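Hi,

Here is the structure I promised to pass along, with some notes on what turned up in it. Please have a look at it first, then read on.

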Amino acid sequence: MADGKKRFDVKIGAKVNIVLKQDQRSGNLTLGIVKNILTNSPTHPHGIKVRLQDGQVGRVQEIL
C-alpha cells in the first residue's frame, strides 16, 4: 500500500483515502475513486491532490 506522496503511484480509477481541506486538522479520511490528478509535481510532502469521481478534492493519504 503506497502513501500517495508520489504522483507516479496515483492512478486514475484507483481506490484511495484522501484528506479533504476541511478535515486536515482532524485527519478524517474520505474513501473514493480518483477521477483527476491535480498535482503537477512528481512528489508532494502532504500527498498528491486529486479529484474523486463524486467531485470532492483532497490529498491522497493511502492508495488501497
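Let me start with one pair of residues: Lys15 stands opposite Ile33 in strand 2. Before going further, please keep in mind that this is a predicted model, where local features need pLDDT of at least 70 and side-chain atom pairs count only at pLDDT 80 or more, while totals for chains, interfaces and linings use all residues. Residues are numbered from 1 along each chain as its sequence is written, and side-chain values use heavy atoms, with hydrogens and water left out.

Now the strands, which are DSSP runs (E, at least two residues) numbered from the N terminus. Two of them count as paired if DSSP finds at least two bridges between them. Strand 1 (residues 15–20) and strand 2 (residues 30–37) run antiparallel and are joined by 4 bridges. Strand 2 is also antiparallel to strand 3 (residues 49–52), with 3 bridges between them; here Asn36 has Arg51 as its bridge partner. Arg51 also stands opposite Val57 in strand 4, and 3 bridges link strands 3 and 4, again antiparallel.

Taken together, 4 strands close into a barrel in the order 1-2-3-4, with antiparallel pairing. The twist from one strand to the next averages 70° (axes are lines fitted to C-alpha atoms, and angles run from 0 to 180 degrees between N-to-C directions).

What makes up the largest nonpolar core? It has 12 residues: Val10, Ala14, Val16, Ile18, Leu20, Val34, Ile37, Ile48, Val50, Leu52, Val60 and Ile63. By nonpolar core I mean a set of buried Ala, Val, Leu, Ile, Met, Phe, Trp, Tyr and Cys residues joined through side-chain atoms within 4.5 Å. Strands 1, 2, 3 and 4 (the last being 57–63) each give two or more residues to this core, and strand 1 gives the most, with 3. One of the core residues, Val16, touches Thr30, Leu31, Gly32, Val34, Leu52, Val60, Glu62, Ile63 and Leu64, leaving out residues up to four places away in sequence; contact means heavy atoms within 4.5 Å.

Finally, a look at Lys49, which is found in strand 3. Is Lys49 buried or exposed? Neither: Lys49 is partly exposed because its relative accessible area is 31%, where buried means under 20%, exposed over 50% and partly exposed in between (1.4 Å probe, protein chains only). Beyond its neighbours within four places in sequence, Lys49 contacts Ile37, Leu38, Thr39, Val57, Gly58 and Arg59. Its C-alpha atom is separated by 9.7 Å from that of Val10, 39 residues apart along the chain.

Best wishes
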